[in-house]
Amino acid sequence: MKKYLTLEELLKKIDLITKLYHVVRIVDPVHKEAFFYENRQFTQQDLPCYSFWEKNKICENCISIQALEEEEVYAKVELKKEEAYLILSVPLQLKDRKVILELMQNVTKERVLFDSIDHSKEEIYLLLKNRNKNIIKNDVTKLFNKRYIYERLPFDILCSNLREESFCLIMVRIDNLKEINKNYGQSYGDKILSNLANVLVKQKLMEDQWVARYSADTFIFVLNNFTQEQSKHWMENLKKDIKKFNFQWDKNCIDMMFSMGIYSTFQVNISMEELLHRVEMSLQRIE
């Protein structure tokens, strides 16, 4: 099954597409570039693609990244101030790179969106906002989830190269979580994860630095623009807090076992998968 449109196929259908959608643009979600279709041609926008939403920050739930990775069409409803847009993200092959064709329809006045639900328009906006936010959050820990990692990390890697900045990835793993779930039940393990997440989220992070749950027992910190020395110092402070972590529930108190790893470099020149592999290989037990 063919998953990509060619530029030639797109141009043949573009007139019909522009009649069906309010905004048509080509987006490179990794480089954050956008080309809007106007006057029968695509013109590059000077601002990054996310500037369309007037939020001054990258989209936390970027379905275009998802569409690019999965090679499938994705859709969602996104808000731009008081307006609601239905977005379709379609994988597209353009010469030597894969990009996304974004088709946006303003559905603010659509009765099917607002009148069929027993809520005011303001409540619907809040529901949509919360839904988009929850898609990238882990239910147990309330931290960013793996989907967010795979959307955000490629962009941070790119920025490290373009801005010639240092980059650090720190990994924290609960080594005996599987054993805890087996002996005490998953609800016990979930409570530990939730409490540990509260410790992790209280760590001092600069703007554009973040923490997420990477897998069942593993978390990562992304420390953009941190030197190797800064990263190691930051990691030592984190290690002190993790050593203090203990958990007691229903008179059950167990010893927690953790491992930590770090990968720090100047200008990331490897793939996201290799980056995650290297930090995982650096994991060492906290004594």
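This is a short dialogue on reading the sheet, helix packing, cores and backbone angles of a predicted model.

Reader: Let's start with the sheet. How are its strands ordered, and which way do they pair?

Author: In general, the strands of a sheet pair through backbone hydrogen bonds, either parallel or antiparallel. Here five strands make an open sheet, ordered E9-E10-E8-E13-E14, with antiparallel pairing. Strands E9 (210-215) and E14 (284-285) sit at the edges with a single partner strand each, so one side of each has no neighbour in the sheet.

Reader: What joins E13 to E14?

Author: Two bridges link E14 to strand E13 (residues 258-266), and the two run antiparallel. Look for serine 259, whose bridge partner in E14 is arginine 285.

Reader: Which helices pack on that sheet?

Author: Try helix H7 (residues 186-201), which touches strands E8 (166-174), E9, E10 (218-224) and E13. The direction of H7 makes about 15 degrees with that of E10. Then there's helix H9 (residues 272-281), lying across E8, E9, E10 and E13 and running at about 55 degrees to E8.

Reader: And how do I read H6 against H7?

Author: Two packed helices are described by the angle between their axes and the distance between the axes. The axes of H6 (residues 177-184) and H7 come within 6 Å, crossing at roughly 140 degrees. The two helices are therefore oblique to each other. On the H6 side you'll find Leu177, Ile180, Asn181 and Tyr184, meeting Gln186, Tyr188, Gly189, Ile192 and Leu193 of H7. By class, that contact has six nonpolar, three polar and no charged residues.

Reader: Where do I look for the largest nonpolar core, and what supplies it?

Author: In soluble globular proteins, nonpolar side chains tend to be buried together. The largest core in this model has 29 residues, and Ile170, Ile174, Ile192, Phe221, Leu238 and Phe258 have the most contacts inside it. E8, H6, H7, E10, helix H8 (228-244) and E13 each supply at least two of its residues, and H7 gives the most, with six. Take leucine 238: beyond its neighbours within four places in sequence, leucine 238 contacts Ile170, Val172, Leu200, Gln203, Phe221 and Met260. Another core lies apart from the largest one, with 22 residues, among them Ile157, Ile270, Leu275 and Val279.

Reader: Last one: which loop holds asparagine 225, and is asparagine 225 buried or partly exposed?

Author: Asparagine 225 lies in the loop between E10 and H8. Asparagine 225 has a positive phi of about 60 degrees, although it is not a glycine. At 41% relative accessibility, asparagine 225 counts as partly exposed.

Terms used: Residues numbered from 1 in each chain as written. Predicted model: local features only at pLDDT ≥ 70, side-chain atom pairs only at ≥ 80, totals over all residues. Heavy atoms only, no water. Pairing = 2+ DSSP bridges. Helix = DSSP H or I, 4+ residues; strand = E, 2+ residues; numbered from the N terminus. Contact = heavy atoms within 4.5 Å. Axes fitted to C-alpha atoms, helices over the stretch in contact; angles between N-to-C directions. Parallel < 35°, antiparallel > 145°, perpendicular 65-115°, else oblique. Nonpolar A, V, L, I, M, F, W, Y, C, P; charged D, E, K, R; others polar. Core = buried A, V, L, I, M, F, W, Y, C linked by side-chain atoms within 4.5 Å. Buried < 20%, exposed > 50% of the residue type's maximum accessible area, 1.4 Å probe, protein only.
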